[in-house]
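Colleague: I am new to this one and would like a close look at a single part: the loops where the backbone does something out of the ordinary. Could you walk me through them and show me how they fit into the whole?

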Amino acid sequence: MENIIPFLALVSLYGAVLLNAESVIEDEQENSRFHFDHKLLENFVRLENSFKKRLDALEERANNLDGGWRNTNAVAFTAVLDHEVIVKDGETLVFNNILYNAGNGYNTGVFTAPITGTYIFALHIEHWVTEALTAHLMLDNTMQVSAVIHPEGKSQQSGNTAVIELQIGHTVWVKTTAGQLYGSKTFHGTTFSGALLY
């Protein structure tokens, strides 16, 4: 029995050492787990911030592609001649009935660019009585494209389209040679339209 008591004390001491070791191991595992979770969270936060910065940069680039005015400054118009007119050589044709005028660039026959950009313009002329008549799409004082009619008693319509780079304040209009043009409140055959593309 005397031998058993030291043995039991030794076992007891060994057990305490094991329990303490297990506790230390569990603490280290918990600390390691905490450390791992903490590092993982830090990485997620860093990744989220990086992603947000890249997303912000992409949004800024997208806004810069369209000058930052996307969907906020539409510029477009359509105006028609709603009555017959006799025009003189070199006269600015006034399309008197404005059907649409976003950006208010069109006024009394002349479109004035409110925004720098690339625009598309279309003009159409019509009549059946006139001698040959030509309409020129003008940018400031330079002819861009033309349309001609020579109806000889038959209804004829002609048109043309141009894509033009404009600076703020540039003017675009239709200049004609002498003759007659047809317009009506119920039929819009003589028209002038334009729109900002980008």
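Modeller: Happy to! Of the 198 residues of the protein chain, 31% count as buried. Please keep in mind that this is a predicted model. The chain has one helix and 13 strands, and in sequence order the helix leads and the strands follow, as in α-β-β-β-β-β-β-β-β-β-β-β-β-β. Looking at contacts with a separation of 6 or more, 72% are between residues 24 or more positions apart. The accessible surface adds up to about 13000 Å², and carbon and sulfur atoms hold 57% of that.

Now to the loops. Let's begin with T108, which sits in the loop between β5 (106-107) and β6 (110-112). T108 is not a glycine, yet its phi is positive, at about 50°. Is T108 buried or exposed? With a relative accessible area of 57%, T108 is exposed, because the cut-off for that class is over 50%.

Further along the sequence you can find D140, in the loop that links β8 (133-139) and β9 (142-149). D140 is again a residue other than glycine with a positive phi, here near 50°. Its relative accessible area is 30%, so D140 counts as partly exposed; to be buried, a residue would have to be under 20%.

To put the two side by side: T108, in the loop after β5, is exposed, whereas D140, in the loop after β8, is partly exposed.

Note on methods
Residues are numbered from 1 along each chain as its sequence is written. This is a predicted model: local features need pLDDT of at least 70, side-chain atom pairs count only at pLDDT 80 or more; totals for chains, interfaces and linings use all residues. Side-chain values use heavy atoms; hydrogens and water are left out. Helices (H or I, at least four residues) and strands (E, at least two) are DSSP runs, numbered from the N terminus. Buried means under 20% relative accessible area, exposed over 50%, partly exposed in between (1.4 Å probe, protein chains only). Contact means heavy atoms within 4.5 Å. Accessible areas come from the Shrake-Rupley method with a 1.4 Å probe; for residues, only the protein chains shown count as cover.
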